[in-house]
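Please open the model in a viewer and keep the selection tool at hand. The tour below proceeds from one selection to the next.

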Amino acid sequence: MKTLVRPAVSLFLLLSAVTGLAYPLAVTGIAQAVFPEQATGSLIPKDGQVVGSELIGQQFGTPKYFWGRPSATAPQPYNAAASSGSNQGPLNPALVEAVSARIEALRAADPGNGQPVPVELVSASASGLDPHISPAAALWQVPRVARARGLSEARVRSLVEGHAEGRQWGLLGEPRVNVLQLNLALDALGQ
């Protein structure tokens, strides 16, 4: 029996040290050296304080800010500990009702905007944490934001276009705008 237990315990301790201690420390060290910003969460500082992350959306509710995609996380929006989609299919009455209510809220916030509402402004992403919207969704919000801030639509549109990111390596993904970075740029205008 001792001949079986001792090697098993020794192997268990060795593998625990390698996979539970050495490997995580090595990967963390390499990540910190090669990708320091990403390894710490892609945090966005403002005036010496961290205001968010490039990777996790935030809720903005006032008309003077651009709004991101709805979050399906509960009990609070953009809760990384509860990341998940709503798991509601397109024929689910609850999803249809939620989307209709979101469209009504967007129309009420900007009654003069007759353009079709971009889909990502009324549907949550798969993770419920998406920090980006399409340039079209940001441009749809320009009249409301410009009016609320007392800025020209051309100036706000220019800001959106300046914050639009293209496809990764020119191939992957879709063009997008990081909502937090766009709103911080708006705040930097001082209005």
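Begin with helices H4 and H5, where H4 passes H5 in a right-handed crossing. The model is a predicted one, and the values quoted on this tour are computed from it.

**First stop: H4, H5 and H6**

Select residues 135-149 for H4 and residues 153-163 for H5. The two helices pack with their axes 9 Å apart, at an angle of about 150 degrees. Angles over 145 degrees count as roughly antiparallel, and H4 is therefore roughly antiparallel to H5.

Keep H5 on display and add H6, residues 179-188. Here the axes come within 10 Å of each other and cross at roughly 140 degrees. Which term describes H5 relative to H6, oblique or roughly antiparallel? The helix H5 is oblique to H6, because the angle of roughly 140 degrees is not over the 145 degrees that roughly antiparallel requires. The crossing of H5 and H6 is right-handed.

**Second stop: Ala-138 in H4**

Return to H4 and select Ala-138, which lies in this helix. Is Ala-138 buried or exposed? With a relative accessibility of 0%, Ala-138 counts as buried.

Two C-alpha distances can be drawn from this residue. One leads to Phe-66: the C-alpha atoms of Ala-138 and Phe-66 are separated by 6.9 Å, although the two residues are 72 apart along the chain. The other leads to Asn-178, which is 40 residues from Ala-138 along the chain, with a C-alpha separation of 9.6 Å.

**Third stop: the sheet E3-E5-E4**

Move along the second of these distances to Asn-178, a residue of strand E5. Asn-178 is also buried, its relative accessibility being 2%.

Now show the sheet to which E5 belongs. Three strands form an open sheet in the order E3-E5-E4, with antiparallel pairing. E3 (132-133) and E4 are the edge strands, each pairing on one side only.

Select E4 and E5 together: two bridges join them in the antiparallel sense. Which residue of E5 stands opposite Glu-165? The residue to select is Arg-176.

Next, follow the loop between E4 (164-165) and E5 (176-178), in which Trp-169 is placed. Most residues other than glycine have a negative phi. Trp-169, however, has a positive phi, near 55 degrees, and is not a glycine. Its side of the picture is open to solvent in the computed sense: Trp-169 is exposed, with a relative accessible area of 70%.

**Fourth stop: aromatic rings and arginines**

Display the side chains of Phe-60 and Tyr-65. A search of the whole structure finds one aromatic pair. The ring centres of Phe-60 and Tyr-65 lie 5.3 Å apart and the ring planes stand at 40 degrees, so this pair is tilted. Both members are buried: Phe-60 has a relative accessibility of 17%, and Tyr-65 has one of 16%.

With Tyr-65 still selected, add Arg-149. This arginine lies over the face of Tyr-65, at 5.0 Å from the ring centre. Then select Trp-67 and Arg-144: Arg-144 lies over the face of Trp-67, and here the distance from the ring centre is 3.6 Å.

**Last stop: the hairpin of E1 and E2**

Finally, select residues 43-46 for E1 and residues 49-53 for E2. How many bridges join E1 to E2? Four bridges do so, and the strands run antiparallel.

Two of the facing positions can be picked out by name. Leu-43 has Ser-53 in E2 as its bridge partner, while Pro-45 stands opposite Val-50 in E2.

The two strands form a hairpin with two residues between them. Centre the view on Asp-47, which is placed in the loop between E1 and E2. Asp-47 has a positive phi of about 55 degrees although it is not a glycine. Is Asp-47 buried or exposed? Asp-47 is exposed, with a relative accessible area of 75%.

Conventions
Residues are numbered from 1 along each chain as its sequence is written. This is a predicted model: local features need pLDDT of at least 70, side-chain atom pairs count only at pLDDT 80 or more; totals for chains, interfaces and linings use all residues. Side-chain values use heavy atoms; hydrogens and water are left out. Two strands pair if DSSP finds at least two bridges between them. Rings of Phe, Tyr and Trp (its six-membered ring) pair if their centres lie within 6.5 Å; planes under 30 degrees apart count as stacked, over 60 as edge-to-face and the rest as tilted. Buried means under 20% relative accessible area, exposed over 50%, partly exposed in between (1.4 Å probe, protein chains only). A charge sits over a ring if NZ of Lys or CZ of Arg is within 6 Å of the ring centre and within 35 degrees of the ring normal. Axes are lines fitted to C-alpha atoms, for helices over the stretch in contact, and angles run from 0 to 180 degrees between N-to-C directions. Angles under 35 degrees count as roughly parallel, over 145 as roughly antiparallel, 65 to 115 as roughly perpendicular and the rest as oblique. A crossing is left-handed if the near helix is turned anticlockwise from the far one by less than a right angle, and right-handed if clockwise.
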